[in-house]
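Hi,

Here is the structure I promised to send over. Have a look at it first, and then read on for what turned up when I went through it.

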Amino acid sequence: GKDTVWERFVSALAEGGGVHLVEVARPLREEQRERLMELAKEEIGAYDFQFVQWSDDGEKEGDEVNDASTSPSLEKKCLQSDEDEGGKHICIQWHDLFGDVPKALSAGDDTGSNGDDSEPITTFVVGQEIIDALPVHSFQKTEQGWRERLVDVAVREEEPEHVKQTSSGTDSESNLSDEDKVAAAKKQFVAAQNISSQMRKGYSDAEADQGPSSAASGGVPFDHKPRLRFVLPPDTTPALRTLLNVDPQTGEMKGPNAKILDAAPPGTVMEVCPEGMMLVQDIASRIEECGGAALIIDYGKEGSGDTLRAFKRHKQAHPLSSPGGIDVTADVDFAALREAVNNGMDKMRQMKREAEAEAAEQSGAALTDAPVAFGPVTQGEFLMKMGAVDRVVALIEKDSTTDKQAEDLCNALERLTQPEHMGERYKVLAIARKRDGIFAPPAFA
(Lines give C-alpha, C1' and ligand atoms only; values in the text may rest on other atoms or scores of the structure.)
Protein backbone atom coordinates (compact mmCIF):
# COMPACT_ATOMS: atom_id res chain seq x y z
CA GLY A 1 0.00 0.00 0.00
CA LYS A 2 0.96 3.67 0.40
CA ASP A 3 2.34 3.31 3.90
CA THR A 4 5.99 4.09 4.55
CA VAL A 5 6.85 1.29 6.99
CA TRP A 6 8.81 -0.66 4.40
CA GLU A 7 11.10 2.31 3.76
CA ARG A 8 12.65 1.76 7.20
CA PHE A 9 13.21 -1.93 6.55
CA VAL A 10 14.97 -1.20 3.27
CA SER A 11 17.46 0.94 5.15
CA ALA A 12 18.04 -1.92 7.62
CA LEU A 13 18.70 -4.31 4.73
CA ALA A 14 21.77 -2.41 3.56
CA GLU A 15 23.93 -5.23 4.84
CA GLY A 16 21.63 -7.99 3.61
CA GLY A 17 19.96 -9.32 0.48
CA GLY A 18 17.56 -7.76 -1.98
CA VAL A 19 14.13 -6.37 -1.30
CA HIS A 20 11.05 -7.99 -2.81
CA LEU A 21 7.76 -6.09 -2.70
CA VAL A 22 4.53 -7.98 -3.39
CA GLU A 23 2.14 -5.47 -4.93
CA VAL A 24 -0.33 -6.03 -7.77
CA ALA A 25 -1.37 -2.39 -8.30
CA ARG A 26 0.89 -0.63 -10.81
CA PRO A 27 0.13 2.90 -9.51
CA LEU A 28 1.14 1.85 -5.98
CA ARG A 29 4.33 0.31 -7.35
CA GLU A 30 5.18 3.65 -8.92
CA GLU A 31 4.55 5.44 -5.63
CA GLN A 32 6.65 2.93 -3.71
CA ARG A 33 9.46 3.32 -6.23
CA GLU A 34 9.40 7.11 -5.89
CA ARG A 35 9.57 6.90 -2.10
CA LEU A 36 12.44 4.44 -2.23
CA MET A 37 14.29 6.71 -4.64
CA GLU A 38 13.95 9.48 -2.07
CA LEU A 39 15.25 7.12 0.61
CA ALA A 40 18.21 6.24 -1.62
CA LYS A 41 19.34 9.86 -1.43
CA GLU A 42 19.95 9.43 2.28
CA GLU A 43 23.18 8.03 3.72
CA ILE A 44 23.06 4.23 3.54
CA GLY A 45 26.74 3.39 3.53
CA ALA A 46 28.47 1.94 0.46
CA TYR A 47 25.20 0.68 -1.01
CA ASP A 48 22.79 2.10 -3.52
CA PHE A 49 19.44 0.93 -4.86
CA GLN A 50 18.99 -0.74 -8.21
CA PHE A 51 15.40 -1.14 -9.34
CA VAL A 52 14.23 -3.98 -11.55
CA GLN A 53 11.44 -2.27 -13.45
CA TRP A 54 8.44 -4.31 -14.51
CA SER A 55 7.38 -4.04 -18.13
CA ASP A 56 3.93 -3.72 -19.64
CA ASP A 57 5.21 -3.54 -23.21
CA GLY A 58 2.91 -5.27 -25.61
CA GLU A 59 0.34 -5.96 -22.92
CA LYS A 60 -3.16 -4.65 -22.93
CA GLU A 61 -4.23 -2.46 -20.05
CA GLY A 62 -5.27 -4.60 -17.10
CA ASP A 63 -3.63 -7.79 -18.35
CA GLU A 64 -1.43 -9.83 -16.04
CA VAL A 65 2.27 -9.32 -16.68
CA ASN A 66 5.04 -11.71 -15.74
CA ASP A 67 7.68 -9.49 -14.17
CA ALA A 68 11.30 -9.87 -15.15
CA SER A 69 11.91 -9.60 -11.41
CA THR A 70 10.81 -13.19 -10.88
CA SER A 71 14.24 -14.35 -12.05
CA PRO A 72 16.54 -14.97 -9.06
CA SER A 73 19.60 -14.29 -11.24
CA LEU A 74 18.68 -10.61 -11.42
CA GLU A 75 19.06 -10.21 -7.68
CA LYS A 76 22.47 -11.84 -7.68
CA LYS A 77 23.64 -9.45 -10.40
CA CYS A 78 22.29 -6.54 -8.37
CA LEU A 79 24.24 -7.64 -5.30
CA GLN A 80 27.55 -8.16 -7.08
CA SER A 81 30.33 -5.77 -6.13
CA ASP A 82 30.71 -2.82 -8.45
CA GLU A 83 34.45 -2.44 -8.86
CA ASP A 84 34.18 0.91 -10.62
CA GLU A 85 32.08 2.49 -7.88
CA GLY A 86 33.53 0.52 -4.99
CA GLY A 87 30.08 -0.36 -3.64
CA LYS A 88 27.17 -2.75 -3.93
CA HIS A 89 23.66 -2.55 -5.19
CA ILE A 90 20.56 -3.51 -3.23
CA CYS A 91 18.21 -4.94 -5.80
CA ILE A 92 14.55 -3.97 -5.38
CA GLN A 93 11.97 -6.01 -7.26
CA TRP A 94 8.18 -6.21 -7.45
CA HIS A 95 6.02 -9.34 -7.70
CA ASP A 96 2.33 -10.05 -8.09
CA LEU A 97 2.38 -13.05 -5.74
CA PHE A 98 4.37 -14.11 -2.71
CA GLY A 99 5.10 -17.39 -4.48
CA ASP A 100 6.94 -15.43 -7.20
CA VAL A 101 9.62 -14.31 -4.74
CA PRO A 102 12.69 -16.50 -5.50
CA LYS A 103 13.71 -19.06 -2.92
CA ALA A 104 17.35 -19.52 -3.90
CA LEU A 105 20.25 -18.29 -5.99
CA SER A 106 22.55 -20.49 -7.99
CA ALA A 107 25.84 -21.05 -6.18
CA GLY A 108 27.87 -21.55 -9.36
CA ASP A 109 26.72 -18.88 -11.82
CA ASP A 110 24.29 -16.06 -12.39
CA THR A 111 21.36 -18.25 -13.41
CA GLY A 112 18.57 -18.86 -10.99
CA SER A 113 18.17 -22.39 -9.77
CA ASN A 114 16.22 -24.37 -7.23
CA GLY A 115 18.32 -27.48 -7.54
CA ASP A 116 20.71 -29.10 -5.10
CA ASP A 117 23.45 -26.54 -5.87
CA SER A 118 21.19 -23.61 -5.04
CA GLU A 119 21.94 -21.20 -2.24
CA PRO A 120 18.75 -20.60 -0.19
CA ILE A 121 17.76 -16.99 0.44
CA THR A 122 17.02 -16.38 4.11
CA THR A 123 13.64 -14.68 3.99
CA PHE A 124 12.30 -12.04 6.35
CA VAL A 125 8.68 -11.15 5.64
CA VAL A 126 6.84 -8.06 6.85
CA GLY A 127 3.13 -7.91 6.06
CA GLN A 128 1.48 -4.70 7.22
CA GLU A 129 -2.26 -4.35 6.64
CA ILE A 130 -2.28 -7.12 4.04
CA ILE A 131 -4.65 -9.71 5.51
CA ASP A 132 -7.44 -7.18 6.11
CA ALA A 133 -7.61 -6.49 2.35
CA LEU A 134 -8.09 -10.16 1.39
CA PRO A 135 -11.60 -11.48 0.65
CA VAL A 136 -13.66 -13.09 3.40
CA HIS A 137 -16.59 -15.48 3.50
CA SER A 138 -19.35 -14.14 5.73
CA PHE A 139 -21.72 -16.49 7.60
CA GLN A 140 -24.85 -15.66 9.57
CA LYS A 141 -26.81 -17.63 12.16
CA THR A 142 -30.51 -18.06 11.37
CA GLU A 143 -33.39 -19.92 12.96
CA GLN A 144 -32.58 -22.79 10.56
CA GLY A 145 -28.85 -22.81 11.41
CA TRP A 146 -25.79 -21.19 9.83
CA ARG A 147 -26.03 -19.80 6.30
CA GLU A 148 -23.51 -18.09 4.03
CA ARG A 149 -24.18 -14.48 3.18
CA LEU A 150 -24.30 -14.12 -0.60
CA VAL A 151 -24.61 -11.11 -2.89
CA ASP A 152 -27.62 -10.69 -5.14
CA VAL A 153 -29.42 -7.96 -7.05
CA ALA A 154 -32.63 -6.54 -5.64
CA VAL A 155 -35.03 -8.74 -7.63
CA ARG A 156 -38.67 -7.69 -8.03
CA GLU A 157 -40.88 -10.55 -9.11
CA GLU A 158 -43.78 -8.21 -9.97
CA GLU A 159 -43.43 -5.15 -12.17
CA PRO A 160 -44.90 -1.82 -11.04
CA GLU A 161 -48.28 -1.05 -12.60
CA HIS A 162 -47.00 1.94 -14.60
CA VAL A 163 -44.28 -0.28 -16.10
CA LYS A 164 -46.90 -2.80 -17.21
CA GLN A 165 -48.92 -0.01 -18.81
CA THR A 166 -45.90 1.30 -20.65
CA SER A 167 -44.91 -2.13 -21.90
CA SER A 168 -48.45 -2.89 -23.04
CA GLY A 169 -48.53 0.19 -25.24
CA THR A 170 -51.00 2.28 -23.23
CA ASP A 171 -48.45 5.12 -23.11
CA SER A 172 -46.10 4.25 -25.88
CA GLU A 173 -42.71 5.85 -25.32
CA SER A 174 -42.62 6.97 -28.92
CA ASN A 175 -45.74 9.12 -28.36
CA LEU A 176 -44.31 10.93 -25.32
CA SER A 177 -42.59 14.30 -25.43
CA ASP A 178 -39.09 14.69 -24.03
CA GLU A 179 -40.48 16.31 -20.88
CA ASP A 180 -43.00 13.50 -20.42
CA LYS A 181 -40.26 10.90 -20.88
CA VAL A 182 -38.19 12.53 -18.13
CA ALA A 183 -41.22 12.72 -15.86
CA ALA A 184 -42.06 9.06 -16.55
CA ALA A 185 -38.50 8.01 -15.80
CA LYS A 186 -38.57 9.89 -12.49
CA LYS A 187 -41.93 8.35 -11.63
CA GLN A 188 -40.64 4.88 -12.42
CA PHE A 189 -37.53 5.42 -10.29
CA VAL A 190 -39.52 6.69 -7.29
CA ALA A 191 -42.03 3.86 -7.60
CA ALA A 192 -39.23 1.30 -7.81
CA GLN A 193 -37.69 2.69 -4.62
CA ASN A 194 -41.01 2.59 -2.74
CA ILE A 195 -42.12 -0.86 -3.81
CA SER A 196 -40.95 -3.55 -1.43
CA SER A 197 -38.60 -5.85 -3.29
CA GLN A 198 -39.44 -9.51 -3.44
CA MET A 199 -36.54 -11.91 -2.77
CA ARG A 200 -35.73 -14.91 -4.86
CA LYS A 201 -37.79 -17.84 -3.71
CA GLY A 202 -36.39 -19.27 -0.50
CA TYR A 203 -33.83 -16.48 0.00
CA SER A 204 -34.01 -13.94 2.82
CA ASP A 205 -32.54 -10.51 3.46
CA ALA A 206 -29.34 -10.99 5.47
CA GLU A 207 -29.40 -7.47 6.93
CA ALA A 208 -33.03 -7.46 7.98
CA ASP A 209 -32.24 -8.91 11.43
CA GLN A 210 -29.30 -6.60 12.02
CA GLY A 211 -30.57 -3.15 11.15
CA PRO A 212 -28.36 -0.07 11.00
CA SER A 213 -26.06 -1.32 13.76
CA SER A 214 -24.25 -3.80 11.52
CA ALA A 215 -20.63 -3.20 10.59
CA ALA A 216 -21.63 -2.69 6.96
CA SER A 217 -23.62 0.42 7.84
CA GLY A 218 -21.58 1.57 10.81
CA GLY A 219 -24.80 2.83 12.38
CA VAL A 220 -25.10 5.73 9.94
CA PRO A 221 -27.50 6.18 6.98
CA PHE A 222 -26.07 6.08 3.47
CA ASP A 223 -26.67 8.63 0.74
CA HIS A 224 -27.84 6.05 -1.77
CA LYS A 225 -29.55 2.72 -1.40
CA PRO A 226 -27.33 -0.04 -2.90
CA ARG A 227 -28.76 -1.93 -5.84
CA LEU A 228 -27.09 -5.06 -4.49
CA ARG A 229 -27.81 -6.72 -1.18
CA PHE A 230 -26.68 -9.51 1.11
CA VAL A 231 -29.00 -12.50 1.04
CA LEU A 232 -29.18 -15.83 2.85
CA PRO A 233 -29.80 -19.01 0.79
CA PRO A 234 -32.30 -21.62 1.97
CA ASP A 235 -29.67 -24.34 2.24
CA THR A 236 -25.94 -24.84 2.82
CA THR A 237 -23.22 -23.81 0.37
CA PRO A 238 -19.83 -25.43 -0.40
CA ALA A 239 -18.02 -22.73 1.60
CA LEU A 240 -20.29 -23.29 4.59
CA ARG A 241 -19.71 -27.04 4.49
CA THR A 242 -15.95 -26.65 4.04
CA LEU A 243 -15.00 -23.68 6.20
CA LEU A 244 -17.49 -24.11 9.05
CA ASN A 245 -17.79 -27.89 8.73
CA VAL A 246 -21.58 -27.84 8.58
CA ASP A 247 -23.40 -31.08 7.85
CA PRO A 248 -25.46 -30.56 4.66
CA GLN A 249 -28.12 -33.01 5.83
CA THR A 250 -28.74 -31.79 9.38
CA GLY A 251 -27.37 -28.25 9.11
CA GLU A 252 -25.46 -28.83 12.34
CA MET A 253 -21.85 -27.81 12.80
CA LYS A 254 -19.10 -30.27 13.63
CA GLY A 255 -15.77 -29.76 15.36
CA PRO A 256 -14.50 -28.58 18.74
CA ASN A 257 -16.28 -25.20 18.60
CA ALA A 258 -19.57 -26.54 17.25
CA LYS A 259 -21.54 -26.23 20.49
CA ILE A 260 -20.44 -22.65 21.10
CA LEU A 261 -21.20 -21.50 17.55
CA ASP A 262 -24.51 -23.36 17.33
CA ALA A 263 -25.58 -21.68 20.58
CA ALA A 264 -25.10 -18.21 19.03
CA PRO A 265 -28.34 -16.22 18.69
CA PRO A 266 -29.88 -15.61 15.26
CA GLY A 267 -28.30 -12.64 13.52
CA THR A 268 -24.78 -13.49 14.72
CA VAL A 269 -22.21 -13.06 11.95
CA MET A 270 -18.74 -14.56 11.63
CA GLU A 271 -16.16 -14.18 8.89
CA VAL A 272 -13.51 -16.55 7.55
CA CYS A 273 -10.56 -15.52 5.38
CA PRO A 274 -9.18 -18.67 3.71
CA GLU A 275 -6.72 -16.71 1.55
CA GLY A 276 -5.22 -15.15 4.66
CA MET A 277 -4.76 -18.55 6.28
CA MET A 278 -3.19 -19.96 3.13
CA LEU A 279 -0.83 -16.98 2.89
CA VAL A 280 0.55 -17.42 6.42
CA GLN A 281 0.95 -21.15 5.72
CA ASP A 282 2.95 -20.32 2.58
CA ILE A 283 5.09 -17.92 4.61
CA ALA A 284 5.69 -20.59 7.27
CA SER A 285 6.66 -23.10 4.59
CA ARG A 286 9.11 -20.62 3.06
CA ILE A 287 10.72 -19.98 6.46
CA GLU A 288 10.96 -23.70 7.09
CA GLU A 289 12.69 -24.21 3.75
CA CYS A 290 14.91 -21.12 3.61
CA GLY A 291 15.13 -19.83 7.17
CA GLY A 292 14.11 -16.40 8.41
CA ALA A 293 11.06 -15.02 10.19
CA ALA A 294 7.89 -13.02 9.57
CA LEU A 295 5.84 -10.29 11.21
CA ILE A 296 2.15 -9.87 10.38
CA ILE A 297 0.86 -6.45 11.48
CA ASP A 298 -2.82 -5.61 11.11
CA TYR A 299 -5.93 -4.51 12.94
CA GLY A 300 -8.17 -7.19 14.42
CA LYS A 301 -8.49 -9.54 17.36
CA GLU A 302 -8.53 -13.21 18.32
CA GLY A 303 -11.90 -14.29 17.01
CA SER A 304 -14.38 -13.29 14.34
CA GLY A 305 -17.47 -11.13 14.06
CA ASP A 306 -19.40 -8.82 11.77
CA THR A 307 -16.63 -6.48 10.63
CA LEU A 308 -16.95 -6.24 6.82
CA ARG A 309 -17.18 -2.57 5.90
CA ALA A 310 -16.15 -0.10 3.20
CA PHE A 311 -14.86 3.44 2.88
CA LYS A 312 -15.00 6.01 0.11
CA ARG A 313 -13.39 9.45 0.35
CA HIS A 314 -12.71 8.87 4.05
CA LYS A 315 -16.40 8.19 4.78
CA GLN A 316 -17.98 4.84 5.52
CA ALA A 317 -20.06 3.38 2.73
CA HIS A 318 -22.05 0.20 2.23
CA PRO A 319 -19.75 -2.58 0.92
CA LEU A 320 -22.08 -3.16 -2.04
CA SER A 321 -22.72 0.49 -2.89
CA SER A 322 -20.04 0.88 -5.56
CA PRO A 323 -18.23 -2.36 -6.50
CA GLY A 324 -14.66 -1.59 -7.55
CA GLY A 325 -14.92 2.04 -6.50
CA ILE A 326 -14.58 1.72 -2.71
CA ASP A 327 -12.09 0.27 -0.24
CA VAL A 328 -13.48 -2.88 1.39
CA THR A 329 -11.92 -4.26 4.56
CA ALA A 330 -12.54 -6.72 7.40
CA ASP A 331 -10.86 -7.21 10.77
CA VAL A 332 -8.23 -9.94 10.93
CA ASP A 333 -8.92 -13.05 13.00
CA PHE A 334 -5.47 -13.62 14.48
CA ALA A 335 -6.54 -16.80 16.23
CA ALA A 336 -7.38 -18.32 12.84
CA LEU A 337 -3.99 -17.30 11.44
CA ARG A 338 -2.16 -18.80 14.42
CA GLU A 339 -4.19 -21.99 14.12
CA ALA A 340 -3.45 -22.19 10.39
CA VAL A 341 0.31 -22.09 11.03
CA ASN A 342 0.52 -24.22 14.17
CA ASN A 343 -2.12 -26.87 13.51
CA GLY A 344 -3.06 -26.49 9.87
CA MET A 345 -0.12 -28.33 8.34
CA ASP A 346 -1.06 -30.21 5.21
CA LYS A 347 -0.27 -33.90 4.90
CA MET A 348 2.66 -33.34 2.55
CA ARG A 349 4.37 -31.08 5.07
CA GLN A 350 3.79 -33.58 7.87
CA MET A 351 5.25 -36.37 5.75
CA LYS A 352 8.28 -34.20 5.02
CA ARG A 353 8.84 -33.56 8.71
CA GLU A 354 8.56 -37.26 9.46
CA ALA A 355 11.14 -38.07 6.78
CA GLU A 356 13.50 -35.42 8.15
CA ALA A 357 13.08 -36.80 11.68
CA GLU A 358 13.91 -40.30 10.50
CA ALA A 359 17.01 -39.07 8.63
CA ALA A 360 18.15 -37.03 11.65
CA GLU A 361 17.77 -40.04 13.92
CA GLN A 362 19.87 -42.22 11.63
CA SER A 363 22.62 -39.60 11.25
CA GLY A 364 22.57 -38.45 14.84
CA ALA A 365 21.98 -34.84 13.78
CA ALA A 366 19.54 -32.56 15.58
CA LEU A 367 16.19 -31.99 13.91
CA THR A 368 15.45 -28.32 13.27
CA ASP A 369 12.20 -27.17 14.82
CA ALA A 370 9.41 -26.17 12.46
CA PRO A 371 8.37 -22.51 12.41
CA VAL A 372 5.42 -21.68 14.64
CA ALA A 373 3.18 -18.65 15.14
CA PHE A 374 3.59 -16.49 18.24
CA GLY A 375 1.08 -13.98 19.57
CA PRO A 376 -0.67 -11.89 18.71
CA VAL A 377 0.45 -9.07 20.98
CA THR A 378 -0.76 -5.51 20.74
CA GLN A 379 1.26 -3.15 18.58
CA GLY A 380 1.89 -0.94 21.60
CA GLU A 381 3.29 -3.82 23.65
CA PHE A 382 5.43 -5.01 20.72
CA LEU A 383 6.98 -1.61 20.05
CA MET A 384 7.63 -0.87 23.72
CA LYS A 385 9.33 -4.25 24.27
CA MET A 386 11.41 -3.75 21.12
CA GLY A 387 12.80 -0.46 22.46
CA ALA A 388 10.71 2.12 20.63
CA VAL A 389 11.13 4.65 23.44
CA ASP A 390 14.92 4.27 23.48
CA ARG A 391 14.99 4.63 19.71
CA VAL A 392 12.97 7.85 19.80
CA VAL A 393 15.14 9.29 22.58
CA ALA A 394 18.29 8.50 20.60
CA LEU A 395 16.91 10.26 17.53
CA ILE A 396 15.83 13.30 19.51
CA GLU A 397 19.25 13.62 21.13
CA LYS A 398 20.99 13.88 17.76
CA ASP A 399 22.45 17.32 17.17
CA SER A 400 20.86 17.47 13.74
CA THR A 401 17.31 16.88 15.07
CA THR A 402 15.21 20.06 15.07
CA ASP A 403 12.56 20.92 17.66
CA LYS A 404 9.84 20.26 15.07
CA GLN A 405 11.29 16.84 14.26
CA ALA A 406 11.52 16.00 17.97
CA GLU A 407 7.88 16.92 18.44
CA ASP A 408 6.87 14.82 15.43
CA LEU A 409 8.78 11.81 16.82
CA CYS A 410 7.02 12.07 20.18
CA ASN A 411 3.61 12.40 18.52
CA ALA A 412 4.32 9.40 16.28
CA LEU A 413 5.38 7.28 19.25
CA GLU A 414 2.18 8.18 21.09
CA ARG A 415 0.01 7.45 18.06
CA LEU A 416 1.61 4.05 17.44
CA THR A 417 1.73 2.80 21.03
CA GLN A 418 -1.12 4.31 23.05
CA PRO A 419 -4.31 2.21 23.44
CA GLU A 420 -6.60 5.09 22.48
CA HIS A 421 -4.81 5.39 19.15
CA MET A 422 -3.21 2.45 17.28
CA GLY A 423 -1.52 0.68 20.18
CA GLU A 424 -4.44 -1.56 21.12
CA ARG A 425 -6.37 -1.88 17.87
CA TYR A 426 -3.39 -3.15 15.88
CA LYS A 427 -1.87 -6.54 16.64
CA VAL A 428 1.40 -8.24 15.72
CA LEU A 429 1.82 -11.95 14.93
CA ALA A 430 5.26 -13.53 14.50
CA ILE A 431 6.19 -16.66 12.53
CA ALA A 432 9.60 -18.06 13.43
CA ARG A 433 11.50 -20.94 14.96
CA LYS A 434 12.01 -21.04 18.71
CA ARG A 435 15.53 -20.00 19.65
CA ASP A 436 17.41 -23.06 20.90
CA GLY A 437 14.13 -24.91 20.57
CA ILE A 438 12.84 -23.17 23.72
CA PHE A 439 12.64 -19.41 23.56
CA ALA A 440 10.07 -17.32 21.72
CA PRO A 441 11.13 -14.32 19.62
CA PRO A 442 11.68 -10.98 21.40
CA ALA A 443 8.44 -9.27 22.50
CA PHE A 444 6.53 -12.57 22.34
CA ALA A 445 7.92 -14.30 25.44
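Let me start with Val-393, which sits in helix H12, the run covering residues 388-396. This is a predicted model, so please read everything below in that light. Val-393 has a relative accessibility of 38%, so it counts as partly exposed. Together with Met-384 and Val-389, Val-393 makes up a nonpolar patch on the surface. The accessible area of the three together is about 220 Å².

Next, some backbone oddities. There is a cis peptide bond between Gly-375 and Pro-376, with omega at about 10°. Pro-376 belongs to strand E19, which spans residues 372-378.

Two residues that are not glycine have a positive phi. For Arg-313, phi is near 55°. You will find Arg-313 in the loop between strand E15 (309-312) and strand E16 (315-317). Is Arg-313 buried or exposed? Its relative accessibility is 69%, and because the cut-off for exposed is over 50%, Arg-313 counts as exposed. Ala-443 is the other case, with phi at about 80°. Ala-443 lies in the segment after strand E20 (426-432), and with a relative accessible area of 10% it is buried.

The loop with Arg-313 leads straight to one of the sheets. E16, E15 and E17 form an open sheet of three strands in the order E16-E15-E17, and the pairing is antiparallel. E16 and strand E17 (327-329) are the edge strands, each pairing on one side only. Neighbouring strands in this sheet are turned against each other by 35° on average, ignoring direction. Between E15 and E16 the antiparallel pairing runs over three bridges. Lys-312 has Lys-315 in E16 as its bridge partner.

There is another open sheet to look at, also built from three strands and antiparallel, in the order E9-E8-E13. Here the edges are strand E9 (145-148) and strand E13 (269-272), each of which pairs on one side only. From one strand to the next, the twist averages 30°. Strand E8, residues 137-142, pairs with E9 in the antiparallel sense over four bridges. If you want a pair to click on, Gln-140 has Arg-147 in E9 as its bridge partner.

Now the salt bridges. How many are there? The count comes to 12, and I will go through a few of them.

One joins the side chains of Glu-302 and Arg-338, at 2.9 Å from N to O. Glu-302 is in the loop between strand E14 (292-301) and E15, while Arg-338 is in helix H9 (residues 334-342), so this pair ties together parts 36 residues apart in sequence. Glu-302 counts as partly exposed at 47% relative accessibility, and Arg-338 is also partly exposed, with a relative accessible area of 24%.

Asp-331 deserves a look of its own, with two salt bridges to follow up. What does Asp-331 meet in strand E15? The partner there is Arg-309, and the side chains come to 2.9 Å, N to O. Asp-331 itself lies in the loop between E17 and strand E18 (332-333), so the contact with Arg-309 ties together parts that are 22 residues apart in sequence. Asp-331 counts as buried at 19% relative accessibility, just as Arg-309 counts as buried at 12%. For Asp-331, the cut-off matters: buried means under 20%.

Asp-331 also forms a salt bridge with Arg-425, where the closest N and O atoms are 3.2 Å apart. This one links distant parts of the chain, since Arg-425 is in the loop between helix H13 (403-417) and E20, 94 residues from Asp-331. Arg-425 counts as partly exposed, at 35% relative accessibility.

Elsewhere in the chain, Arg-26, Arg-29 and Asp-96 are linked in a network of salt bridges.

If you open just one spot, I would go for Asp-331, with Arg-309 and Arg-425 as its salt-bridge partners. After that, try the cis bond between Gly-375 and Pro-376.

Cheers

Notes. Residues are numbered from 1 along each chain as its sequence is written. This is a predicted model: local features need pLDDT of at least 70, side-chain atom pairs count only at pLDDT 80 or more; totals for chains, interfaces and linings use all residues. Side-chain values use heavy atoms; hydrogens and water are left out. Patches are made of residues with over 30% relative accessible area and no salt bridge: like charges are joined within 9 Å, nonpolar side chains (Val, Leu, Ile, Met, Phe, Trp, Tyr) within 5 Å. Accessible areas come from the Shrake-Rupley method with a 1.4 Å probe; for residues, only the protein chains shown count as cover. A salt bridge is a side-chain nitrogen of Lys or Arg within 4 Å of a carboxyl oxygen of Asp or Glu. Buried means under 20% relative accessible area, exposed over 50%, partly exposed in between (1.4 Å probe, protein chains only). Two strands pair if DSSP finds at least two bridges between them. Axes are lines fitted to C-alpha atoms, for helices over the stretch in contact, and angles run from 0 to 180 degrees between N-to-C directions.
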